[in-house]
Amino acid sequence: MFIYMSKKIAIPKQSNVTCLAWNHSSGYIAVGGEDGMLKVLKLESGGSGNLSMNLSLEGHTGQVCVAIWNEVFQKLTTSDEHGVIIVWMLYKGSWYEEMINNRNKSTVTSMAWGSDGQKICIAYEDGAVIVGSVDGSRVWGKDIKGPGLSAVQWSPDNSLLLFALSNGELHLYDDQGNFMMPVASNGVPGSMEIVTMDWFSLKAPPSRPILVISYTSGLLLLMKNCTEEESVVVDTKMKIIDCQWNHNGTVLAVAGETQDQTNVVQFFNPHGEHTRTLRVPGGALRALSWEQRSLRLAIAIDCFIYFANVKPDHKYAFYGNTLAFVSTADTVTFWDTVTHQSWINHVPDVIDMCGVDEYCVIATITTLIISNQQGIQCDAKAITIPVAYVTINSKAIAVAASKESFLVWKFSTPSRPRGTEQMYHADGSIMTSGEGGFQDDTICCITCSDSHLLIGRDSGTILLFSMVNFKKITTISLNAKPYKLGLNSNSSKLFAIEQGGALHVLEAAGGACAGGACAGAALRRDAWGARWAADDAQLLAVAEKARLYVLRDSQPEEPLAVNGYLCRFKELEITTALLDNITDKCTPQHIVRVEVKSLRDTRQLIEKVGLKEAENFIKDNPHPKLWLLLAEGALRQLESATALETAETAFVRRGDYAGVRFVARLNALHSTALKRAEILAYFRDFDAAEQIYHEEDRRDLAIALRKRLGHWFRVVELLKMSVTTTDAQVKQAYSNIGDYYIDRQNWTGALEYYNMSNNKEGLKKCYMALEDNESLSKLLTGSPRHAKEKLPKQITEDRSDSMQEPSFQNITQLKESGQLSQAAAMAFQLADIEASKASSPWRIKKLYVLAGLLFRQHGSEGAASRSWRAARAQHWLCAALGGPRADHALRRAARLCLALPQLHPAQHVQAWCTVAIISLQARAFDLCSKALIKLESFNPEIFENIAIEIFTRCKPKDARGNKVECPHCQLGIPDWMASCPGCSTEFPGCVVSGRPLLAPHTTWTCNVCEAHAQHHELVLRHSCPMCHTQLA
């Protein structure tokens, strides 16, 4: 957490403030002081700090000593030095005295309402105790013998009362006033005066202390309950004046005075660990009180009330377009900032979380969890160390650190099925199993990039490690304990925020601060968050108090008023999340996007000055986002003579090939209206573009636009309005609407449109999904294939003399007569004949599969194996020809290269052409070069010219992509390769996706054709993708 002073309110007549109470449900602040001064204040919502209520309550004549709220019934109870107790209530905007009580014997030292608001306990200095009800009646009274009382507290369930005596003893009574037991203050020496007590009344984990007892000597006693023997004793090294838990019992604020007469507020976690110190100006500090959600703290000093803003350490991660955050004590919400969908997962006891690209790591007390952008668990690992911090990089490496050690975990992904892990000590030395031990210089923060890892330690030392070999590179020293660390996009620089808020920017390695040197002067003094730009190594966004600074080469731009937590800095736009404002669920208003100054200036230049001036400005401040802004601005100003030329220049500077092609397409159009329509479509204003096409009497272009967008319902409407519409066009639209419904598993809706388009394959899918066997039987009975099989008997008899001629009818007759071996051989022969004619590979594959099944029924395993190999080769040719996805197509093309010896020579040209086209589209130019070399041997005249045209522009080198490690030689190879170029190992391939199968435990094998596939590819399938045998 981070805390800073934000506002000061002066009390009129310079009346010193003696007590404070902030109502958590309504936001009223009760302020009591000298000479009977009592006020009720309320701050305006929105964090402005102005007062929306400032009322004086008349009734006390002496110094107001105690003020407490009844949160349930919205009543204020106050007491002064003369023992007068007044209960106040709000009626029509004014506060009235509801009850007054004066015992006339002693003064009140403490009062406490029960958490249900039904009873109040009043403790007097002379030992008298009165318990009353909310309606003013007395429940019971008692005199506690001894030196007198100094404090009282109800237990969270309102069944017990804890009294602090003036000599430091603690006595426990039940809610009827019966003495139960003295409470041992273990670890507190002698009899010390107790200043105050606070017993947290809401729900808390059983392992967390909820009762705090503070002593004037500076000691804090933290207990889980009154019977606990092992309590925590903390020495604050100051004279304690007041202490209070925050709204959820996770932070304890302790106000006091140090030996050098300085006012400070120290903050501790429930286990007594010091987290932060706030120095407060002024004279005598008297009281403090938290706001409803602990985002502000009120501190009473002399005749002033100081307000401090608190920035809690929210547990959150922003990765891809997903914001993941801890929404309640045991749930994590994953919210998509684009689609506004949310997923809530039950994840109790979250310690820390971090995300990048498509993965997020969540650390709990016992487990590390890897989740994707929908909150689906992708991997998990049980841990034995008490993890305090986690970080993750885009190479699927997560680092989890405790105070004494850290774990490097390469978690499993689709490209790396097997994960690895290694434990290290805080100094970077490898930890062996069973080794442990306490470290004096413990870890306090971590971060990592793809290439480097930073470990911050309590002494101010920052260790820099390589993420490649996990060797220590250098050590950097700060002047104080680091609070947050971050590496820029190329790992050349890092920022470090000290515990006090000082921000340093350092060279990561090889610079002035490497090699053990110390950090220089701080760039900012009150920073609580920072984030490097993902696409510019020199840009750093810094959150300082309630402002946001953008540093370019350490020089700040003018600040912006932003209160959100930094999520992403990309394309000159900073995305922040208002996590403090999220109470129930996330909404678009909780995501705030801020543009940097150069982006704002460029937009103003384009809108108000001109394209030429904007272009000159961008040349001085180049960035791809600015060039895109200029290109889009030029397209909007189509009437300008140089607009298209400027747009083309901007797209070229940006390296946007699609944009350059778009401008070329605009230049080819002669109609200004059509150009405007294309530009509107570019900016996704499709309705306006369609309207222009209609005005220009180009309904064909409107139909083509809607087809490209997949708006098939609108396509049908436009086709009905056109006089040139053909039946084939309408059937195509209806068929695509059927596909639309099938994608959403609306089988009934799809059935209607497939009937209208006469799409037999679609009807077949729907009937099978609906299990409508009768309709499916009628559909198959009426098919041409069935009619062909029902040839007249006399025609079959006339052909009995040609039984040896390979044909499907002859195969059927041989099979029915029990001659399975001859039928299988004829099927294999017929497949070879079809392959020699370069017929449809789908037909050839079916014939080879038929041969394999017949050979298997006959028991000829060798012949069946030969049939399966041939069928598998045809399968890869079919898959390569019909693959809709580019990554799958490239994998299938690689498989096809490996299976080419099993294809008929007449199919080689088709196969190599398919490989060449796929590899060219996927920019796998090395594979494309090999394919064209083969094709040149078939037809040099055609393919040699194609090869020259391609490879004069592109080097025969594959584009970079995802890589996997060969399990035999550990060489990194592209994930689409079918064999390792290092050790020539051939990997079995998934018959669905073509992905190499490196992990046997994730592989499924067909017991008929021995085809392999990944388990998750078969979730929605009912049969083997190769031989179509029904799955078990």
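**How helices 7 and 8 pair up, and two other spots**

In this predicted model, helix 7 and helix 8 turn out to be roughly antiparallel to each other. That label follows from the packing angle of about 155°, because anything over 145 degrees counts as roughly antiparallel. The two axes lie 7 Å apart, and helix 7 passes helix 8 in a left-handed crossing.

So who is touching whom here? On the helix 7 side, the contact is made up of Phe686, Asp687, Ala689, Glu690, Tyr693 and His694. Across from them, helix 8 brings in Arg699, Leu701, Ala702, Leu705, Arg706 and Leu709. Sorted by class, this contact between helix 7 and helix 8 comes out as seven nonpolar residues, four charged ones and one polar one.

Helix 8 itself runs over residues 699–709, and Ala702, Ile703, Leu705 and Arg706 are buried in it. These four span an arc of only 160° around the axis, which puts them on the same side of helix 8. A bit of helix geometry is handy at this point: an α-helix has 3.6 residues a turn, so residues three or four places apart point the same way. What do the buried residues of helix 8 pack against? Their partners are helix 6 (672–682), helix 7 (686–695) and helix 9 (712–721). Just past the end of helix 8 sits Gly710, with a positive phi of about 80°.

Helix 2 (residues 611–620) and helix 4 (residues 643–654) make another pair. Their axes come within 11 Å and cross at roughly 15°, so helix 2 and helix 4 count as roughly parallel to each other. The crossing of this pair is left-handed. Helix 2 offers Leu611, Glu615 and Lys619 to the contact, while helix 4 supplies Ala643, Thr646, Thr649 and Arg653. By class, that gives three charged, two polar and two nonpolar residues for helix 2 with helix 4.

Moving on to a strand, Trp343 belongs to strand 32, which covers residues 342–346. Is Trp343 buried, partly exposed or exposed? Its relative accessibility is 24%, so Trp343 counts as partly exposed; the cut-off for buried is under 20%. Leaving aside residues up to four places away in sequence, Trp343 touches Val332, Thr333, Phe334, Asp336, Gln373 and Gln374. As for Gly961, a gap of 618 residues in sequence separates this glycine from Trp343, and the two are 31 Å apart in space, C-alpha to C-alpha.

Note on methods: Residues numbered from 1 in each chain as written. Predicted model: local features only at pLDDT ≥ 70, side-chain atom pairs only at ≥ 80, totals over all residues. Heavy atoms only, no water. Buried < 20%, exposed > 50% of the residue type's maximum accessible area, 1.4 Å probe, protein only. Arc of directions from axis to C-beta. Contact = heavy atoms within 4.5 Å. Axes fitted to C-alpha atoms, helices over the stretch in contact; angles between N-to-C directions. Parallel < 35°, antiparallel > 145°, perpendicular 65-115°, else oblique. Left-handed = near helix turned anticlockwise from the far one by under 90°. Nonpolar A, V, L, I, M, F, W, Y, C, P; charged D, E, K, R; others polar.
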